[in-house]
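These are my notebook entries on what I looked up in one structure, taken residue by residue and then by core and pocket.

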Amino acid sequence: MDAVFQTKSAVFNYRTAAVWIEDGHILLHRQADDNYWALPGGRVKIGEDSMTSLKRELKEELGADAEVDQLVWFTENFFEYKNAPFHEIGLYYSVTRKGSSILKHGPFFGLEGERLIYQWVPLEELSSLTVYPAFLQEGLLKMPASTEHLVLHT
């Protein structure tokens, strides 16, 4: 069971995400019906640690084996999505590939069908996209040397 629950006033979500950079490109994804991008990953299951969760999500969504490296950002993110207030705990890890590269040109779908669209975006083109959480547009260009804790209100 995913570590997400809904109350009368908000949704709580525990998410892990991949900061996957290869050859000057960052891997992003978006819901097919959304107009913004995010880092790939997913919800942590109850009883599962965040690193295992991220490996599982990348395998399920992309068929990719990844090495989970450093925790880059720990976020407490407060935002609204589809008219519902969210309180999200997000763990953003740098990852590197194990095995062959999955770097592709142009948008592509993962193993779970056409619900999610993936794309490797050149880092210098990030400013032309809408990426959430918004701190990522600058943060991905100036990666911190150690883990940062961010409280985000959007």
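**Entry 1, Ser101.** I began with Ser101, which counts as partly exposed because its relative accessibility is 34%, where buried means under 20% relative accessible area, exposed over 50% and partly exposed in between, with a 1.4 Å probe and protein chains only. Ser101 sits in the loop between strand 6 and strand 7 (108–110); helices (H or I, at least four residues) and strands (E, at least two) are DSSP runs numbered from the N terminus. I also looked up its separation from Asp65, which lies 36 residues apart from Ser101 along the chain, and the C-alpha atoms are separated by 9.8 Å.

**Entry 2, source and confidence.** I note that this is a predicted model, in which local features need pLDDT of at least 70 and side-chain atom pairs count only at pLDDT 80 or more, while totals for chains, interfaces and linings use all residues. Residues are numbered from 1 along each chain as its sequence is written, and side-chain values use heavy atoms, with hydrogens and water left out. The protein averages a pLDDT of 95, and 100% of the residues score at least 70, pLDDT being the predictor's confidence in each residue, from 0 to 100. Confidence is lowest in strand 1 (residues 4–6), at a mean of 95, and highest in strand 9, at 98.

**Entry 3, Trp73 and Pro144.** Is Trp73 buried or exposed? I found Trp73 in strand 5, and Trp73 is buried because its relative accessible area is 1%. Leaving aside neighbours within four places in sequence, Trp73 is in contact (heavy atoms within 4.5 Å) with residues including Val19, Leu91, Phe135, Met143 and Pro144. By contrast with those contacts, I recorded Leu58, which is 15 residues from Trp73 in sequence and 18 Å from it in space, C-alpha to C-alpha.

I then turned to Pro144, whose place is in the loop between helix 2 (136–139) and strand 9, and which is buried with a relative accessible area of 16%. Not counting residues up to four places away in sequence, Pro144 touches Gln70, Val72 and Trp73.

**Entry 4, nonpolar cores.** Of the 19 residues in the largest nonpolar core, Ile26, Leu28, Leu39, Trp73, Leu136 and Leu140 touch the most other members; such a core is a set of buried Ala, Val, Leu, Ile, Met, Phe, Trp, Tyr and Cys residues joined through side-chain atoms within 4.5 Å. Strand 2, strand 3, strand 5, strand 8 and strand 9 (148–153) each give two or more residues to this core. A second, separate core of 18 residues includes Leu27, Ile102, Leu116 and Tyr118.

**Entry 5, largest pocket.** The largest pocket holds about 860 Å³ of space. I took a pocket as an open set of points on a 1 Å grid over the protein atoms alone, where a 1.4 Å probe fits, with protein on both sides within 12 Å along at least five of seven lines, and lining residues as those with an atom within 4 Å of a point. Among the 30 lining residues, the closest to the centre of the largest pocket are Arg15, Gln31, Tyr36, Tyr81 and Glu88. Strand 5 gives the largest share of the lining, four residues. The lining divides into eleven nonpolar, seven polar and twelve charged residues, with Asp, Glu, Lys and Arg as charged, Ala, Val, Leu, Ile, Met, Phe, Trp, Tyr, Cys and Pro as nonpolar, and the others, Gly among them, as polar.

Notes: Grid points are joined across faces, edges and corners, and a volume is the space filled by probe spheres set on the points.
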